[in-house]
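Work through the exercises below with the sequence and the model open. Each task is followed by its solution.

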Amino acid sequence: MLLHMPLVIALALITFFLSRKGALKVSHAVACGAFGFYLSDTSLSGSIHAASANLLGMLGQFSI
């Protein structure tokens with residue numbers, strides 16, 4: 001749970017820079033955000049949350 005907020009911030013920064021660079025239009029970013037909010041209300045949200053938690057758990061175990 002500790003890594004979720006930095007992940008959200010990283011995704012927001014990626015979206016911002018892609019929209020500034022021209023690779024991602026603002027309308028596309030809004031559509032992706034709306035899709036995310038609507039997807040969180042479906043039955044897939046539990047599976048997506050579990051998969052992202054497992055991925056973040058695996059990434060947290062790596063040491064440099």
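**Exercise 1. Place Phe-16 in the secondary structure and class its exposure.**

Phe-16 sits in helix α1, residues 4-21. Helices here are DSSP runs of H or I with at least four residues, strands are runs of E with at least two, and both are numbered from the N terminus. The relative accessible area of Phe-16 is 44%, so the residue is partly exposed (buried is under 20%, exposed over 50%, partly exposed in between, with a 1.4 Å probe and protein chains only).

The model is predicted: local features need pLDDT of at least 70, side-chain atom pairs count only at pLDDT 80 or more, and totals for chains, interfaces and linings use all residues. Residues are numbered from 1 along each chain as its sequence is written, and side-chain values use heavy atoms, leaving out hydrogens and water.

**Exercise 2. Find the aromatic pair and give its geometry.**

Rings of Phe, Tyr and Trp (its six-membered ring) pair if their centres lie within 6.5 Å; planes under 30 degrees apart are stacked, over 60 edge-to-face, the rest tilted. The count is one aromatic pair. The ring centres of Phe-16 and Phe-17 are 5.4 Å apart and the planes stand at 65°, so this pair is edge-to-face. Phe-17 is exposed, because its relative accessible area is 52%.

**Exercise 3. Describe the whole protein chain.**

The chain has three helices and zero strands, in the order α-α-α. Of its 64 residues, 6% are buried.
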